[in-house]
Amino acid sequence: MQFLFPAFLWALLALSIPIIIHLFYFRRFKKVYFTNVKYLKEIKEETSNRNKLKNLLILISRCLAVACLVFAFAQPFIPKGTGIKSGLNYVSVFIDNSFSMTANKSEIPLIDIAKDKARSVVSSYGDEDRFQILTHDFEGKHQRLLSKEDALTYIEDVQITSSVQDLDLVLNRQRQLLERSSGNRLSYILSDFQKSIVNLQEYRDTTMEINMVPVQSTTQKNVTIDSAWFEGPIPFLNQTNKLLVKVKNNSPEDIEQVKISFLKDGQEKPVAIRDIAANSTVTDTVNLTIDKSGWHTGILQVSDYPVQFDDKYYISFNVADTIKALFINDAGPDRFMNALFNGIKNFTLSNQSSNQLQYQQFQNFDMIMLHDLKAISSGLGNQLLQYMRDGGKVLIFPGKSVDIGSYNDFLTTIGASRLGNQTNLKREVSIINTEEFVFSDVYINTGRNLKLPVSTLSYNFLTLSSTAEEKLLTYRDAGSYLSKFRVGDGQLFLCASPLNTESNDLVYNAEVFVPLIYKMAISTTKQKPISYIISNNMSVIVPNQRKTGDYVYKLKDDKNEIIPGQTPVGNQIHLSMGGQIKNDGIFDLLLDSETVGKIALNYDRKESDMSHLSESELEDLNTQNPSIKLISDTQQANLSGSITEKDKGVVLWKWFVILALLFLAAETLLIRLLKN
């Protein structure tokens, strides 16, 4: 047995008071005269013995009563945990309010059970202690200490949210607030401990006691639309576009007859009815024929019960009416290039001279081609570099007579191969890279019937070991004919030979020339997203359609209109939501009051996997990290008592108060019932 306040034991010296009173208390007797002296003597001896016994019992009762009161004030206890806490307590309570907490246990939602246990945790501490109530929302108002009364009020206001945080981030959030406190720092995690958010195996923190309070139900079946994407880099007008959708079974049981459908422009189109094996995924294809340009939206959905928050997947995409290319050639338009673009539907070509360029219009083109320029000026080079960093594509055909120094200055800046010596030897292309997007899915086979380009004038490439070059077409002597280099989000394509027919017969090889230009124009290093995941740090990147003057971008749906944080970056603008959006759906992107886009937002699929850590797995966390404690289901039956026992041990002061009262009652009975 130990004492919380051992200094009170000095009060045991007060036991000397009743002892002194007992020793120095002399009762005065009256003299009574009787004729029979012997009889009186016997009576006197008997009364004296009885009085001594009575006074001794009273003395013992008084001493025991005083001792019990002293012990009660010293607050004795029997230690149970690793340490006993005294002083103020600073308690952070995390309530898991993610979608998984909508599951039921005994027909009661887990979120309601968690809130009830959170109230028990708060009630286990004193009125002078301070509390933090934290949820997945990570709101600013939760990052402060509250009184006991305010903490209980905050618990009542907790609602289900779409946000979800890993538990290490939750603990860091708790630690950030509690580390400024000088008392006992305690963390309580009330959660179903889904495996997707538990990442505490390597977590270490000796400044805060962490208590896990599992609130769990049996594992629920759940089918979800995991993701969706277009097979091609961009959707095309009046063509069949393949939209791929991945559906996942997140349960340990096979699920049959899952209906997958696609809702577009108010019309629902069945996609498939599939059987999905346990813990596996299937991918289906939706064939979309788009008959008009502009923004389009759609909803992919599955039939599933009871977990339904992830049954819908919203998408939005923009279909351009034309693919625009810019051909920069000081010698004027090229008839072969013009014929090529005139023969491809929805493609347009603009021709400009290098001394008539309007750099601010570069962003309006999907690809820029340079042909037979004498030199690349520093101004043009800087603009092309920024254009590629923002996602643009540049194709360079060097001329017969060029300023190699200016070309190499530009190529060195972007990390591409430099131009070497010019050679007038005949060189034949022998290898075509069909693994790269430009030539992928173009040819059934690349046998002898495929005619490849031949050049009579070309440049050797000087390639450094640090240069990330990808060869698309390779000469028989292993030299590069056409190579690709990644620059930011864009690409540079560099040809070793001029485009003119005297030096290069590429334009006569339609089976190579046509797909080469066509797929370069639509290629991309990073596909434009057709949806975004809702989170507190979500950022949406859109083209900046107004670079000057005052402008405000907004997001609006049927219920809400928000103004996100806006950061211009080059030709783009980054919109930071800052946790303002909680619901999924399609939002209009407004520039002032004009709709300039559609943004599809979906809930995070991290919560779709309903599997959680078992009690034994949670105990393993405690074994790996002693600062993490588990409050089991048995202990949760009397959660307040378990917390008190954990923090204070087995508290005995109440029993000593009861004993003190019993001894005082015994003293009273002794005085009244035992007559002198």
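Where is the place of Leu 64? Leu 64 sits in helix 2, which spans residues 37-74. This is a predicted model. Two topics follow: a nonpolar surface patch, and an open parallel sheet of five strands in the order 6-3-7-8-35.

**Surface patch**

- Leu 64 belongs to a nonpolar patch on the surface, together with Leu 53, Leu 56, Leu 57 and Ile 60.
- Together, these residues have about 400 Å² of accessible area.
- Leu 64 has a relative accessible area of 35%. Leu 64 is therefore partly exposed, since the value lies between the 20% limit for buried and the 50% limit for exposed.

**Sheet layout**

- The sheet is open, and its five strands follow the order 6-3-7-8-35. The pairing is parallel.
- Strand 6 (130-134) and strand 35 are the edge strands. Each of them pairs on one side only.
- On average, neighbouring strands of this sheet are turned by 20° against each other, direction ignored.

**Pairing at strand 6**

- Strand 3 (residues 89-95) and strand 6 run parallel and are joined by five bridges.
- Val 93 stands opposite Ile 133, a residue of strand 6.

**Helices on the sheet**

- Helix 3 (residues 110-123) packs on the sheet and touches strand 3, strand 6, strand 7 and strand 8. The direction of helix 3 makes about 175° with that of strand 3.
- Helix 10 (residues 615-624) also packs on the sheet, where it touches strand 8 and strand 35. Its direction makes about 150° with that of strand 35.

**Strand 8 and its neighbours**

- Strand 7 (residues 184-191) runs parallel to strand 8, with six bridges between them.
- Strand 35 (residues 628-630) pairs with strand 8 over three bridges, again in the parallel sense.
- Asn 211 of strand 8 has Tyr 188 opposite it. In strand 35, the bridge partner of Asn 211 is Lys 629.

**Burial of strand 8**

- Is strand 8 (residues 209-214) mostly covered or mostly open? Strand 8 is mostly covered, with six of its six residues buried.
- In a regular strand, side chains alternate between the two faces of the sheet.
- One side of strand 8 carries Glu 209, Asn 211 and Val 213. The other side carries Ile 210, Met 212 and Pro 214.
- Residues on both sides are all buried, and both faces of strand 8 are covered.

Conventions. Residues numbered from 1 in each chain as written. Predicted model: local features only at pLDDT ≥ 70, side-chain atom pairs only at ≥ 80, totals over all residues. Heavy atoms only, no water. Patch = residues over 30% accessible without salt bridge, like charges linked within 9 Å, V, L, I, M, F, W, Y side chains within 5 Å. Areas by Shrake-Rupley, 256 points an atom, 1.4 Å probe, with all protein chains shown as cover. Salt bridge = Lys/Arg side-chain N within 4 Å of Asp/Glu carboxyl O. Helix = DSSP H or I, 4+ residues; strand = E, 2+ residues; numbered from the N terminus. Buried < 20%, exposed > 50% of the residue type's maximum accessible area, 1.4 Å probe, protein only. Pairing = 2+ DSSP bridges. Axes fitted to C-alpha atoms, helices over the stretch in contact; angles between N-to-C directions. Contact = heavy atoms within 4.5 Å.
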